[in-house]
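Trainee: I am new to this structure and would like a close look at a single part of it. Could you take me through one helix carefully, from its surroundings to its two faces?

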Amino acid sequence: MRREKISNFLSVHHGVLPVGLYNGEECAGRPREVVCNRTLHSLKLTMSKKVLLLGGAGFIGFNITKYLAENRNYSLTIADNFARGKEDKLFTELVEKHQIRVVAGDFTDPGTYQLLDEQYDQVYMLASVVGVDNANSIPHEIIRINTALIFNTLEWIRRSKVSKVLFTSTSECYAGTIEAFGYKTPTPEEVPLCIQDIGHPRFTYAVTKMLGESGFLNYSRILGFEATIVRYHNVYGPRMGFKHVIPHLVVRFRNGETPFKVYGHDQTRSFCFISDAVMGTVLAMEQPGTNREIYHIGTQEEITIGELIHYAGDLMKFEGEYENAPTYPGSVSRRCPDITKARTQLGFEPQVKWTEGLRQTVDWYNQYLEQGNKVYE
Ligand SMILES: NC(=O)c1ccc[n+]([C@@H]2O[C@H](COP(=O)([O-])OP(=O)(O)OC[C@H]3O[C@@H](n4cnc5c(N)ncnc54)[C@H](O)[C@@H]3O)[C@@H](O)[C@H]2O)c1
């Protein structure tokens, strides 16, 4: 129910008018105005924001686009080079059904920005090279591509009329603070950012995200556009690709691995289902008062990797043996966000328990593979 209430927010001008379509409750302690359904309908018809999703064909971007297409009356543009974002059936259907503009191009090239419009009300900055495997194997490309995407986007904003940008960062930015300084877990946003080993390839990704956080917050202050940062914590769900722990597990179980290696069995993570991540992100973009704020978007359901793998094994009807094994060097031992700030300021409340989200994700990947689709990436 909470999700429905939140989705009834209606954006007006450059802020958000939380529309009171439900029983006189306060939402997240914020004032709200009550409008009748007819007013809501006519506002929806007349107010159309222009929204750009840079990296919008990827896992999280696709799902934010879908949510906005189904719940807002915005003019949506996805910009992506489709290096990882997919022009699959789901993408094509979404784009065609909602008349979403697609700009295909490599945004490490500053010239590609000429394909965009000059004015947007909201820009979701999701474009990035992601993943531990990529960081370990092509750290120089992580530095080149992510830095170029951040810098080119900031300089394009300088020349354009962009009202608000949301930059997507990561919990990896403070992994070192937890390991080296024993910072508290669950971890709030004010944690100092730190990596443990500046020369280690794994940390190139976090370094570029620190650049992005600093870049967007400071360009915003000097140039006068609004910027908000979200730090995601292990977002997962259907259609996330195969370079993530959960789809990887499905493939390994299907391949009959036994004994089944449980890498990093006693490490903890807090897995955030995609629909919850989308809700947190849209709230961070649309709620008033979020300018130059950082929000941890995730859940506080902290579980061990062992628990995750054993439950995935149950879902896969695995009956073999498990064997604990060490994980990637540099992998943080505990990760759990403190989401109090997002709860109190945004009204963000994750809805999907990890067991339910895991079941949905495992089912989706099983079905995908049973239909003869390939493991890609
Ligand atoms: N998924 C998570 O758990 C998680 C955690 C922390 C942070 N994030 C951040 O959230 C954002 C979205 O993550 P995601 O999981 O959807 O990743 P994703 O890889 O699915 O999406 C990133 C998108 O950026 C696009 N892209 C890459 N290089 C580009 C270029 N040169 N020009 C244009 N587009 C380009 C890719 O094609 C892809 O569609 C990323 O910035 C990521 O760093 C995600």
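Mentor: Helices here are DSSP runs of H or I with at least four residues, and strands are runs of E with at least two, both numbered from the N terminus. Counted in that way, the protein, which is a predicted model, has 13 helices and 15 strands. Of its 377 residues, 42% are buried, and among the contacts with a separation of 6 or more, 80% join residues 24 or more positions apart.

The part to look at is helix α13, residues 354-370, whose 17 residues should span 24 Å at 1.5 Å a residue, and the end C-alpha atoms are indeed 24 Å apart, which agrees. Within α13, the residues W354, G357, L358, T361, V362 and Y365 are buried. They cover an arc of only 125 degrees around the axis, and therefore lie on the same side of α13. An α-helix has 3.6 residues a turn, so residues three or four places apart point the same way. On the face turned away from the buried side, α13 carries the exposed residues E356, Q367 and E370.

The buried residues of α13 pack against β9 (235-236), α9 (245-254), β12 (272-273), β14 (302-304) and α11 (305-315). One residue of helix α9 is V245, which counts as partly exposed because it has 17 C-beta neighbours inside 10 Å. Although V245 and I305 are 60 residues apart along the chain, their C-alpha atoms are separated by 9.7 Å. Finally, α13 is followed by G372, which has a positive phi, near 90 degrees.

How values were computed. Residues numbered from 1 in each chain as written. Predicted model: local features only at pLDDT ≥ 70, side-chain atom pairs only at ≥ 80, totals over all residues. Expected span 1.5 Å × (residues − 1). Buried ≥ 20, exposed ≤ 12 C-beta atoms within 10 Å, placed from the backbone. Arc of directions from axis to C-beta. Contact = placed C-beta atoms within 7 Å.
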